[in-house]
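Trainee: Could we go through this model together, strand by strand? I would like to learn how to read it.

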Amino acid sequence: MDIAAGAKILIVCMEHNTKDGAPKIVQHCTYPLTGLACVDTIVTDLAVIDVRPEGLSLREVAPGWSPKEVQAFTGAKLITPQRIPEMSSA
């Protein structure tokens, strides 16, 4: 919470799904929240997702993954632009 309160930009890095395969990125949170509307970007092992007022926007996908596959592993609707590049290590 303290990090989120003082940050100008907050990037969350995490695995896309739980060990059981359940999505971590969901439409509605079930746990109590300590920081609301503070995340700007989510980086996972499958994708880079920007958090925008209109919703979650898919920016990049991991090599070998399609936007459709990433959406299938995500519990919230993703806004998918026509062209989505692959994530790179550069």
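Trainee: In which sense do strand E3 and strand E4 pair?

Mentor: Happy to help! This is a predicted model, so local features need pLDDT of at least 70, side-chain atom pairs count only at pLDDT 80 or more, and totals for chains, interfaces and linings use all residues. Residues are numbered from 1 along each chain as its sequence is written, and side-chain values use heavy atoms, with hydrogens and water left out. Strands (E, at least two residues) and helices (H or I, at least four) are DSSP runs numbered from the N terminus, and two strands pair if DSSP finds at least two bridges between them. E3 covers residues 47-52 and E4 residues 55-61, and over six bridges their sense is antiparallel.

Trainee: Which residue in E4 is the bridge partner of Arg52?

Mentor: Start from the hairpin that E3 and E4 form, with two residues between them. Ile49 has Leu58 as its bridge partner in E4. For Arg52, the partner in E4 is Gly55.

Trainee: Which residue in E3 does Val43 stand opposite?

Mentor: Strand E2 (residues 41-43) pairs with E3 in the antiparallel sense over three bridges. A hairpin of three residues joins E2 to E3. Opposite Val43 in E3 stands Val48.

Trainee: Is the crossover from E4 to E5 right-handed or left-handed?

Mentor: E4 and strand E5 (residues 78-79) pair in the parallel sense over two bridges, and Leu56 has Leu78 as its bridge partner in E5. Between E4 and E5 the chain passes through helix H2 (residues 67-72). Handedness is judged with the strands pointing away from the viewer: a clockwise path from the first strand over the helix to the second is right-handed. This β-α-β crossover is right-handed.

Trainee: How many aromatic pairs are there?

Mentor: Rings of Phe, Tyr and Trp (its six-membered ring) pair if their centres lie within 6.5 Å; planes under 30 degrees apart count as stacked, over 60 as edge-to-face and the rest as tilted. By this rule, the count is one.

Trainee: Why is the pair of Trp65 and Phe73 edge-to-face?

Mentor: Buried means under 20% relative accessible area, exposed over 50%, and partly exposed in between (1.4 Å probe, protein chains only). Trp65 is partly exposed at 29%, and Phe73 is partly exposed at 38%. Their ring centres are 5.5 Å apart, and the pair is edge-to-face because the planes stand at 85°.
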